[in-house]
Amino acid sequence: MSNDALTMRGPVSGTKDARKVAIGSGVGAVIETYDFIGFGTAAALYFGTAFFPGGDPVTGTLAAFATLGVGFAARPIGGIIGGHLGDKLGRKPVLVASLILMGLATFAIGLLPTYQTAGIIAPILLVLVRIVQGLAFGAEWGGAILMSYEHAPWKQKGKYTSIVQAGFPVGLLLANLVFLASGSLGGDWAWRVPFLASIVLVAVGLIIRAKVPESPVFEDVKEHGQIVKNPIIEVIKTDWRNIVRGIGLRIAETAGYAVSITYMISYLHTTELADKSETLIGLVVASGIGIFATMAWGRLTDRVGRRPVYIWSCLFAMLYGIPMFLLVNTGLFPVIIATMVISYAICQNSLAGAQGAWFPELFNANTRSSGASLAYQISAMVAGFTPFVTTLLFIGMGWVGPALLFSFYAAIGLWAALITRETWGKRERQLADQATTADVAHRAVSTEGSSAARHSHAARRADASEHTDAARVTPTSHEGVS
């Protein structure tokens with residue numbers, strides 16, 4: 001990798017706002033995930049009967065999962081819009097706009113009428129609001145991850161981007177805690193309250209995001225007149241291979257999550273292996289551990305590279321599909337929790353922790369938002385309809401069908417990791433070490449120079465002050481002589 005390629009990573013030692021930007025982006029990711037993933041929990045536990053009533057509960061679940069998939073299908077469109085605007089106008093405006101859109105859509109879900117009160121209009125409204133959620137969530141990730149990546153020090157890209165990625169398990173944790181608490185309310189309030197409560201989180205997120213500065217890399221691209229007229233077309237034309245690789249990398253993580261978590265909570269409930277409270281407790285424990293796991297995996301990629309983490313994690317997931325279902329089929333609550341923790345903290349969080357730095361490094365700075373967003377969000381369509389497909393597989397093959405699908409997704413991720421270049425290998429890390437050492441030395445010299453200049457200026461002022469004092473004394477002396 002050339003030094004020019006390295007400079008696309010932003011300032012060598014990062015900006016003074018790097019941590020604030022990462023936390024601000026992470027807070028937004030928490031809110032967006034709370035809103036978007038909360039829908040998945042509600043679809044698995046409540047929406048089948050609230051919006052799609054019928055004699056067969058499996059049919060209602062299928063319809064609810066289809067609605068869940070619609071939001072995922074809209075995400076690539078949101079990614080295209082957000083990626084385009086992120087490369088044309090900047091990363092920050094996209095962050096703020098996507099958060100407002102998501103907040104309004106999620107709040108609206110809490111106000112929707114059910115099928116019992118409004119008939120067919122109820123599921124239609126649910127689908128429309130879900131589409132808006134998908135557009136907002138699709139636009140969100142690219143801006144959030146790039147803001148954190150481009151402000152972070154070269155040697156700690158994995159660490160800082162993993163803070164944003166950890167926002168997703170935090171959002172999952174909050175959503176399931178609220179669903180767990182609201183379950184005691186009974187009736188429709190059990191699912192309405194979590195969506196209505198999200199408006200408070202949105203207000204907090206907007207206050208935080210309004211204060212973060214724009215990406216230094218985007219500002220540099222803008223200053224040098226390198227903004228592309230149509231970044232989406234440009235990145236597809238010149239970098240389509242990395243988009244395809246990114247889709248494969250992402251499928252292992254997001255579609256794997258759709259089987260091991262989203263579908264799993266429905267599987268546990270419909271097969272009576274665990275009740276709603278036990279399922280939500282398992283998710284709370286897994287997501288709580290996942291917060292720290294995601295950040296740990298991100299830091300590991302800074303030390304060993306992005307590719308090794310991905311390869312070994314996908315290999316593990318391939319072998320884990322059948323055992324995952326065998327474990328939960330025991331019906332033992334501690335075993336179910338342990339299985340969900342492994343599924344999330346290892347199979348999913350490891351890949352998410354690596355993606356935060358790897359995806360931006362695959363694309364040029366002036367088309368990075370478009371390229372990374374496309375790769376990330378197109379794969380979401382596969383994940384969105386996975387619970388629906390998995391339910392069909394279960395009907396036809398039993399639990400073996402979903403287990404094999406999980407392993408198949410991991411195999412796609414492994415294939416993608418093997419054909420994708422390492423962007424943070426030994427050579428890149430050595431160049432970054434040299435650049436960081438030089439930058440630290442330069443800063444030290446600049447600091448010493450500034451300090452010396454300040455001392456020199458102070459000395460001149462002191463000397464001038466002494467001369468002034470002497471001048472003030474001299475006339476008096478002369479007066480005494482005369």
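## Ala 286 and its contacts

Once residues up to four places away in sequence are set aside, Ala 286 touches Met 340, Val 341 and Tyr 344. In this predicted model, Ala 286 has its place in helix 12, and it counts as buried because its relative accessibility is 1%, where buried means under 20%. The C-alpha atom of Ala 286 is 9.7 Å from that of Ile 261, although the two residues are 25 residues apart in sequence.

## The protein as a whole

The protein is built with 17 helices and 0 strands, and buried residues make up 53% of its 482 residues. Among the contacts with a separation of 6 or more, 88% are between residues that lie 24 or more positions apart. The area that the protein exposes is about 19400 Å², and carbon and sulfur atoms supply 68% of this area.

## A nonpolar patch on the surface

Helix 12 also takes part in a nonpolar patch on the surface, since helix 8 (167-182) and helix 12 (276-304) are the elements that give two or more residues to that patch. The patch is formed by Leu 174, Leu 177, Leu 180, Ile 281, Val 285 and Ile 289, which together have about 390 Å² of accessible area.

One of these residues, Ile 289, is found in helix 12, as is Ala 286. With a relative accessible area of 39%, Ile 289 is partly exposed, because this value falls between the limits of under 20% for buried and over 50% for exposed. Ala 286, by contrast, is buried at 1% relative accessibility.

## The nonpolar cores

In soluble globular proteins, nonpolar side chains tend to be buried together. In this model, the largest nonpolar core has 97 residues, and those with the most contacts inside it are Phe 47, Phe 51, Trp 191, Leu 268, Tyr 310, Phe 325 and Phe 359. Helix 11 (residues 231-270) supplies the largest share of this core, namely 16 residues. Leaving aside neighbours within four places in sequence, Phe 325 is in contact with Val 259, Tyr 263, Met 264, Tyr 267, Trp 399, Pro 402 and Ala 403.

Apart from this largest core lies another core of 5 residues, among them Ala 22, Ala 152, Tyr 160 and Ile 163.

## Ala 152 in a loop

Ala 152, a member of the core of 5 residues, is found in the loop between helix 6 (121-151) and helix 7 (157-165). Is a residue in this loop, Ala 152, buried or exposed? Ala 152 is buried, because its relative accessible area is 0%.

If residues up to four places away in sequence are not counted, Ala 152 touches Arg 9, Pro 11, Gly 14, Ala 18, Lys 157 and Tyr 160. The C-alpha atoms of Ala 152 and Lys 16 are separated by 9.1 Å, while the two residues are 136 residues apart along the chain.

## Ser 373 in helix 15

Ser 373 is found in helix 15, which covers residues 368-397, and it counts as buried because its relative accessibility is 2%. Which backbone oxygen does the side chain of Ser 373 reach? The side chain of Ser 373 reaches the backbone oxygen of Ser 369, at 2.7 Å.

With its neighbours within four places in sequence left aside, Ser 373 is in contact with Gly 79, Gly 83, Gly 142 and Arg 368.

How values were computed
Residues numbered from 1 in each chain as written. Predicted model: local features only at pLDDT ≥ 70, side-chain atom pairs only at ≥ 80, totals over all residues. Heavy atoms only, no water. Helix = DSSP H or I, 4+ residues; strand = E, 2+ residues; numbered from the N terminus. Buried < 20%, exposed > 50% of the residue type's maximum accessible area, 1.4 Å probe, protein only. Polar contact = N/O pair within 3.5 Å; in protein donor to acceptor, adjacent residues only side chain to side chain. Contact = heavy atoms within 4.5 Å. Patch = residues over 30% accessible without salt bridge, like charges linked within 9 Å, V, L, I, M, F, W, Y side chains within 5 Å. Areas by Shrake-Rupley, 256 points an atom, 1.4 Å probe, with all protein chains shown as cover. Salt bridge = Lys/Arg side-chain N within 4 Å of Asp/Glu carboxyl O. Core = buried A, V, L, I, M, F, W, Y, C linked by side-chain atoms within 4.5 Å.
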